[in-house]
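Welcome! Please take a look at the model below, then try the exercises that come after.

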Amino acid sequence: MWQKFIVFRYECDYYTEFLAWNGNSRFRLRVTNNLIFCEISPVFFSHFSVSHRFIAKPCALGLKVQANGPQKAQPNAILEKVFTAITKHPDEKRLEGLSKQLDWDVRSIQRWFRQRRNQEKPSTLRKFCESMWRFTFYLYIFTYGVRFLKKTPWLWNTRQCWSGYPYQPLMPDLHYYYIVELSFYWSLMFSQFIDVKRKDFGIMFTHHIVTVTLITFSYVTNLTRVGTLILCLHDAADIVLEAAKMANYCKCQKLSDLLFLTFAVVFIVSRLGIYPLWILNTTLFELYEALGNFPALWVFNVLLMVLQILHCFWSYLIIKAAYKALSKGKAGKWNPLHVAKDARSDVESSSDEDEAPPRSKALHSTVTTNGTSGANGTNGYLTGATSSEEH
């Protein structure tokens, strides 16, 4: 427990500081006045809406990004009720029951559910606008971080992160850097529920929580110097990732492949190389040597290690993607980080028969041969091959 809590208080326009200690370990606790982080986060939502409408969308249309969304399913009250109230992925037994009820063949019902699921997914235009907004932010904040850090002594000597701790002043540039980064990640955490839905929603949500907790904790305990290094290091790879996505949405496949491979190199080098050897080394060893043991040290390092576990997981996916791409002779052929096909939100695969109206069972049982339609010269229903859905 705290033996003594407040021994010094300093107020300014941005924050209130408390200097306190637990036993022999001192901490500088900083509380932001007027909930600045929460106040600025909505600004990012507003800025995204404005940039989406007046900047990103015109750019996307100028680059001929596809504006139309997936094909809409034919209106059907019975299937719509099943889709909204029961299941979006009916099993074989339910499909057979619906087939008898509607007098449709099973393949037509499967196609209807696939189109209906795709109908809820965003268009390529919207995904391009989202990526362009994030690319713009990451590029700006990374440039700002580099310009700020190159003037600081702790960029070149990480032991300077702990020099004079906890009596390190909060410089206006550093305060601005933290305010903008934390507000952005707060906005990401909430906008994740309304933005393009991703298959790795849980992992990304965990990442955002850890990131917000880390930034907040380092700000409160005045571990901001090493915090700026962590922020700048992580922004580098995100710039290339969003650029690769935009190139893919513009159907510039070669550029997208090149950017993806660049992203893979930058990500692995920065997250599996520089991060543990530079960041974790100073927080685990140099910090302990300079200041000894205190509770904030362990909490901070546990959060950093959780972040490193996520780095290892994503690096595994990147390496797996790169291996499959190279083995097949096409970079981005299979890409779990969603550059080439953006698998988190991509439209489910469908065959050319999606354009056809639903067929009754009687029509479905009739085999016709047409030499001009389909690769096998059949009507597409009895070719022996089934269309698979992407998950």
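Here are two short exercises, each with a worked solution. The model is predicted, so local features need pLDDT of at least 70 and side-chain atom pairs count only at pLDDT 80 or more, while totals for chains, interfaces and linings use all residues. Residues are numbered from 1 along each chain as its sequence is written, and side-chain values use heavy atoms, leaving out hydrogens and water.

**Exercise 1.** Find which residues of helix α2 are buried and what they pack against.

*Solution.*
- Step 1: Go to α2, residues 77–85; helices here are DSSP runs of H or I, at least four residues, numbered from the N terminus.
- Step 2: Pick out L79, V82 and F83, which are buried (under 20% relative accessible area, with exposed over 50%, for a 1.4 Å probe and protein chains only).
- Step 3: Look down the axis of α2: the buried residues fall within an arc of 95°, so they line one face (the arc is that of the directions from the helix axis to the C-beta atoms).
- Step 4: Turn to the face away from the buried side, where A77, K81, T84 and A85 are exposed.
- Step 5: The buried residues pack against α3 (92–102) and α4 (106–119), contact being heavy atoms within 4.5 Å.

**Exercise 2.** Describe the ring pair of F263 and F267.

*Solution.*
- Step 1: Locate both residues in helix α9, four residues apart, about one turn of the helix.
- Step 2: Check burial: both F263 and F267 are buried.
- Step 3: The ring centres of F263 and F267 are 5.6 Å apart and the planes are at 50°, so the pair is tilted (Phe, Tyr and Trp rings, the six-membered one for Trp, pair with centres within 6.5 Å; planes under 30 degrees apart are stacked, over 60 edge-to-face, the rest tilted).

Definitions and conventions: Helices (H or I, at least four residues) and strands (E, at least two) are DSSP runs, numbered from the N terminus.
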